[in-house]
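This report covers a single protein chain. Its topics are aromatic and charged side chains, one helix, backbone angles and model confidence.

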Amino acid sequence: MSGASVIDATRRRTAPAARAVVRRPTATTVVLVATLAIAALLGWSRRWNGDDAFIVFRVVEHILDGHGAVYNIGERVEAVTSPVWLALLVVARVVVPAPVEWLAVVMGLAFAVAGLGLAMIGARRLEPRAGRLIPVGALVWIGLSPAWDFATSGLETGLGTAWLGACCAVLARLASTDLPGAPNTGASRPRLIGAAVLIGLGPLLRPDFAVFSAVTGVALLVICRHHGRRTLVALVIAAAALPTVVEVLRMGYYAALVPTTAIAKEATQANWAQGWLYVTDLARTYAIVVPVAALIALVASAAARDDGRRRIVRVALPLAGALHALAVVRGGGDFMHARMLLPALFALLAPVAVLRVRSPVQAGAVAVVACWAFVAAVALRPPAGTAGVRDGISDQRSFYVLATDTQHPVTLDDFAGYARVEHGRRAARLAAAGRRSLIVDEGAHPLTDHTTATVVYEAGAIGLPGMAAGRDVYVLDRLGLADAYTARLRLDERRRPGHDKPLPLSWVWGRYGADGAVPADVRDAAAAAAEAMSCPPLRELDAAITQPLTPQRFVANIAAAASLTRLRFPSDPAAAAIEMCSGGR
C-alpha cells in the first residue's frame, strides 16, 4: 500500500472518533450561559462602592500596614461584619497590585455570578431526566435591580450569593448520588466533611447567616443519616470547628462575642414595625408577591415529584430563606433598600433556578415569572436620591451617583466632589502638618493631651471620610460601628435602621476636648462624660481594647467578652456617670 493510501485509510478510521469528540452545545447550555452573561453585564453596568465598603477598605489597609484588623490604630474594634470577605480582600490586595476598590468590585461581581451559576448547577442536579431546562428562578434574580446593585457595592453580598449557590450545588449533588447500599456512587467521607465545612462558614460571612448554616446543616445530616453516627458527629464537628476558632479569636482580640456592628445595631432586639416597613418597601417597589408566589408554587410542585433526598434540598433552602427573612424583619431590616432581603430571595429561587416544566401549573407559573421579570427589569425602580428616602430606607447607589455626578463611583477619587470626602482630606492635611486638633461639626478645636492621636475627627459616616482622612487620623464614629463606647450606648428610641444610637456631642468633648476649649453650653455634660469614662466598667472596656495584646490580655479578654458585650450605659453623660461609677451595668 502506498503512503498516500495509508494516510487516507488512517483519516477514514479517525474521522468518526474526532467527530464524536466535538459536540455542539445543547440549547439548554446556551440558555444557561446566556443567563449568566446577562447577569454579569447587568452587575457590571451598576458597578459601584458604597460608604460602608470603605470602612472595610480602611481595615484592609491597616492590616497590610501591620496594625491589625482595626479601624483606628491602637484600638481593637471589629468594624467589619464579614471576616471571610475581609480576609479575601486582604489576600487579593497582597497578590494583585490593584486598588482595593477595584478588587472589591471585580471579586464581588465574580462571586455573584458564580453563585447564580452554582444554584443553576444544583437545581439541574435535582432534575434527573433529560430535556430542556428553563432558568425560571434565575429570571427572578435577573429581574431585580437590587441584585444588580449589590453584585458589587464593596460589601459581602456577592460572596453570600456564591456561598448560598455552593450550598445548593453541594446538597443537590449529595442528594442525587449519596444512595444507601451503593458505596461506589455515594459520597466519600472527605467529600462529606468538605460539605460540612462549607455549610459551617455561614456565620463567618455574616452573623445572621447562621440561620442558613443551621437549616442546611440539618439537611446535610438527614441526607447522610445512613452513614452512621460517627460520621454524623464528624460532620457536626467539621461544620462548627472554624466558626468556633474564629469566635475564640474574636473574644480574645476584640473582647466581644459579636462584631461591634451588631452591638451598635442592637441586632438581638425586636423592631417589628420597622422590619415590616422594610418588607413593604421591597414589595411595593417590585410587586414582589408575584414572583414569590410563583416560586413557592414551583418549589412545591417540584418537591411533590422528587424522591426523599431531593425533596429535602428543594425545601431546605426556601425554609432557611423564610427564617432568615423573618429574622431580618424582626431586627428592623436595614437602611439600604432591599439589601438584607436579597439572601432570602436567592435561597427561595435557588432550588428552581432552572426547572423542567412538566405540568400546566408549572407552565403558568413560569409564564408569570417571565412576564414579571421583563417588566421589573425594564421599569421597576425605587425613588432616586434624597427624595427616595422612605421610612429611613434609601437606594444608596442612586444617592451616591447623584451626589458625585458619576455613573460608576468606585474609587475614592470618584467621590472627590462629595463633601464628606473633602472633610476627611482636611483632617489628613491637619495630621500631616502635625496640628493637634479635634474636629467637631467640621470645626477644628484644641485636642486634649491624653490622646496619642494627632487629629481626632468626629464623623457620622465613617467610610469615605475615614478613607480620605488616612490611617493616622483617629476617626470617631458617632454611630458606633467602629467605636466600642458609642456601640454600647443604651437604646432609647428606634430611629433610622443602623443609626439608632447617635453619640451626643457632649461625649465627644468630654473624651477629646482640651481644657478651656469645651463650649459653655455643654461644659457640664462634657465633664460628666469624662467622669463616666473613668468609671470601672468603661475603664475595663478601654483596657480590653487598647492594652498590648499579651497572652494574659488575650485570656482576660475571653473571660470578659460576655459581660463587655452586654455592657450598656445611658446616652446622658450625667446618668452614665452615676450608673457606671456606682457599679451598675
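## Aromatic pairs

Searching the whole structure yields 13 aromatic pairs; rings of Phe, Tyr and Trp (its six-membered ring) count as a pair if their centres lie within 6.5 Å, with planes under 30 degrees apart called stacked, over 60 edge-to-face and the rest tilted. One is the tilted pair of W44 and W102, at 6.2 Å centre to centre and 35° between the planes. W44 belongs to helix 2 (residues 27-45) and W102 to helix 5 (residues 100-125), so this pair ties together parts that are 58 residues apart in sequence. Helices are DSSP runs (H or I, at least four residues), numbered from the N terminus. W44 is partly exposed at 36% relative accessibility, and W102 is partly exposed at 31%; buried means under 20% relative accessible area, exposed over 50%, and partly exposed in between (1.4 Å probe, protein chains only).

The pair of F54 and F57 is edge-to-face, because the ring centres are 5.1 Å apart and the planes stand at 75°. Both residues lie in helix 3 (residues 51-64), 3 residues apart, or about one turn of the helix. F54 is buried, with a relative accessible area of 0%, and F57 is buried at 0% relative accessibility. Ring pairs join F54 and F57 with F399, Y400, F415 and Y418 in a cluster.

The model is predicted: local features need pLDDT of at least 70, side-chain atom pairs count only at pLDDT 80 or more, and totals for chains, interfaces and linings use all residues. Residues are numbered from 1 along each chain as its sequence is written, and side-chain values use heavy atoms, with hydrogens and water left out.

## Charges over rings

Two arginines have their charged ends over tyrosine rings: R58 over Y71, 4.5 Å from the ring centre, and R76 over Y253, 5.9 Å from the ring centre. The criterion is NZ of Lys or CZ of Arg within 6 Å of the ring centre and within 35 degrees of the ring normal.

## Helix 2

Helix 2 has 19 residues, which at 1.5 Å a residue should span 27 Å, and its end C-alpha atoms are 27 Å apart, in agreement. The expected span is 1.5 Å times one less than the number of residues.

The buried residues of helix 2 include T28, L32, T35, A39 and G43. Viewed down the helix axis, the buried residues fall within an arc of 65°, so they line one face of helix 2; the arc is taken from the directions from the helix axis to the C-beta atoms. Their cover includes helix 5, helix 6 (136-143) and helix 7. V33 and L41, on the other side of helix 2, are exposed.

## Positive phi angles

S153 is not a glycine, yet has a positive phi of about 80°. S153 sits in the loop between helix 7 (145-149) and helix 8 (157-177) and is buried at 1% relative accessibility.

A338, also a residue other than glycine, has a positive phi near 75°. The loop holding A338 runs between helix 16 (308-331) and helix 17 (342-349), and A338 is buried at 3% relative accessibility.

## Confidence

The mean pLDDT of the protein chain is 92, and 93% of its residues reach 70 or more; pLDDT is the predictor's confidence in each residue, from 0 to 100. Residues 14-21 have pLDDT below 50, and this stretch has 0 contacts in the model beyond near neighbours in sequence. Residues 181-185 also have pLDDT below 50, with 2 contacts beyond near neighbours in sequence. A contact means heavy atoms within 4.5 Å. Where pLDDT is low, predicted coordinates should not be read in detail.

Terms used:
Helices (H or I, at least four residues) and strands (E, at least two) are DSSP runs, numbered from the N terminus.
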